[in-house]
Amino acid sequence: MVTLAEVAQHAGVSASTVSYVLSGKRSISADTRRRVEESIRRLGYHPNAGARALASSRSNVIALMIPLRTDMYVPVMMEIAVAVATTARTHGYDVLLLTGEEGPDAVRRVAGSGLADGMILMDVELEDERLPLLRDGGAPARAKPRVGGGQPSVLIGLPADTTGLTCVDLDFRATGALCVEHLATLGHRDIAVIGEAPAVYERHTGFAERTLDGLRSQARESGVRLLHRPCEGGYAAMAVTLARILDERPGTTAFVVQNESAVEPLLALLRQQGRAVPEDVSVVAICPEQVAVQASVRLTSVAIPAQEVGRYAVEHLVAKLGGRGDDEVVLIAPELTVRASSGPAPARA
């Protein structure tokens, strides 16, 4: 491996000058900097990550906590993770991926060991057990939190209390409201919501709870009857859920689906029952764009902006690591795209 001393000899400068060029700690003339950078490029020099971390007290690593649960739609999580990784590299950071369901223990381990300079957390719950540790820097739970003074972090999602935290997400409350508003404008008065798996609501996962809040609030404002039923996803579970909905509300003329695994089974079951989409029943989905356009009926949908969310999260964390960022909540406004799956409510007999 090429050493820093060899780079210095090739560039005709001292080893300390090469170090200053790499760290940016001292001003170096433009000509000297160009010579050093050219030598680094020609020799293929890569700074030793361990030595650099010891010298700077920085690891140049961002930890991404992304619990991979069976009740979550993994492709969306992975799309966000890829956006985080690619954006982090443009800022000179690598990403440490933590996929286990360790909760607070993972925060303590990362914050206490110096494995990463900062953290991005996904799958945020309303009363998330990890958050006090982010506020107090990974100290034991009995310690008094120092709000805003802990491990530099960004949440992808919103807890109930955002004090001292930076959060980035789609505005799911506005998303739910937008779906109901669209269907109510088309004359639908009985709307059923096919939600995530029951465990998602049992954990009080932020995005699901906020969507439901928006759906219910807009339903009340629009004079619409709303029925919410969680669903595991898959054909068998969707068949049971649909039968239950139509038994309770036989006049249902529209569905809002926030469960990617239930989209195609729902469309197939409606076809089997002779219910045409959108002539007899409308379907609106909250899902990735790819799911909406590749469904057997092109779905009216609100897209999940995974790329934007991942990019914004990294940019806000990098700003905080550089001493430039303030704690804030960034909500991306939803956009509803009308396609073939939504239309006017059928005339009543």
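1. Start with Ser301: its bridge partner in S12 is Thr337. The strands involved are S10 (residues 300-303) and S12, which pair in the antiparallel sense over 2 bridges. Keep in mind throughout that this is a predicted model.

2. That pairing belongs to an open sheet of 6 strands, ordered S7-S6-S8-S9-S10-S12, with mixed pairing. S7 and S12 (336-337) are the edge strands, and each of them pairs on one side only.

3. Two helices are worth a look against this mixed sheet. Helix H8 (residues 172-185) lies across S6 (190-195), S7, S8 (254-257), S9 (282-287), S10 and S12, and it runs at about 165 degrees to S9. Helix H11 (residues 235-248) lies across S6, S7 and S8, running at about 155 degrees to S7.

4. For a residue inside H8, try Thr175. Is Thr175 buried or exposed? Its relative accessibility is 0%, so Thr175 counts as buried. Beyond its neighbours within four places in sequence, Thr175 is in contact with Leu170, Ile286, Val302 and Pro334. One of those contacts, Leu170, has Ile332 as its bridge partner in S11.

5. H11 has 14 residues and spans 20 Å from its first C-alpha to its last, close to the 20 Å expected at 1.5 Å a residue. Which residues of H11 are buried? They are Met238, Thr241, Leu242, Ile245 and Leu246. Looking down the axis of H11, you find the buried residues within an arc of 130 degrees, so they line one face of the helix. What do they pack against? The buried residues of H11 pack against S6, S7, S8 and helix H12 (260-272). Turn to the face of H11 pointing away from the buried side, and you meet the exposed residues Ala236, Val240 and Asp247.

6. Leu226 is a handy marker for edge strand S7, which covers residues 225-230. Setting aside residues up to four places away in sequence, Leu226 touches Val180, Ile191, Val193, Leu215, Arg216, Ala219 and Arg249. Leu226 and Cys179 are 47 residues apart in sequence, yet their C-alpha atoms are 12 Å apart in space.

7. There is also an open sheet of 6 strands in the order S2-S1-S3-S4-S5-S11, and here the pairing is parallel. Why does one side of S2 (94-98) and of S11 (329-332) lack a neighbour in the sheet? Both strands stand at the edges with a single partner strand each, so one side of each is left without a neighbour there. From one strand to the next, the twist averages 20 degrees. Helix H5 (residues 74-90) packs on this sheet, touching S1 (61-65), S2, S3 (118-121) and S4 (153-156); the direction of H5 makes about 155 degrees with that of S2.

8. Going strand by strand through part of the parallel sheet, S3 is joined to S4 by 3 bridges, and Ile120 has Val154 as its bridge partner in S4. S4 and S5 also run parallel, with 2 bridges between them, and Leu155 stands opposite Cys167 in S5. S5 (residues 167-170) is then joined to S11 by 4 bridges, again running parallel. In that pair, Val168 stands opposite Val330 of S11.

9. S4 itself deserves a closer look. In a regular strand the side chains alternate between the two faces of the sheet. In S4, Ser153 and Leu155 point one way, while Val154 and Ile156 point the other way. Are these four buried or exposed? All are buried.

10. Last, the nonpolar interior. The largest nonpolar core has 47 residues, and those with the most contacts inside it are Ile120 and Val256. Which helix gives the most to this core? Helix H14 (residues 306-321) does, with 7 residues. Val256 touches Cys179, Leu183, Ile191, Ala192, Val193, Ile194, Leu215, Val284 and Ile286, leaving out residues up to four places away in sequence. A second, separate core of 26 residues includes Ala192, Cys231, Phe255 and Ala295.

Technical notes: Residues are numbered from 1 along each chain as its sequence is written. This is a predicted model: local features need pLDDT of at least 70, side-chain atom pairs count only at pLDDT 80 or more; totals for chains, interfaces and linings use all residues. Side-chain values use heavy atoms; hydrogens and water are left out. Contact means heavy atoms within 4.5 Å. Two strands pair if DSSP finds at least two bridges between them. Axes are lines fitted to C-alpha atoms, for helices over the stretch in contact, and angles run from 0 to 180 degrees between N-to-C directions. Buried means under 20% relative accessible area, exposed over 50%, partly exposed in between (1.4 Å probe, protein chains only). The expected span of a helix is 1.5 Å times one less than its number of residues. The arc is that of the directions from the helix axis to the C-beta atoms. A nonpolar core is a set of buried Ala, Val, Leu, Ile, Met, Phe, Trp, Tyr and Cys residues joined through side-chain atoms within 4.5 Å.
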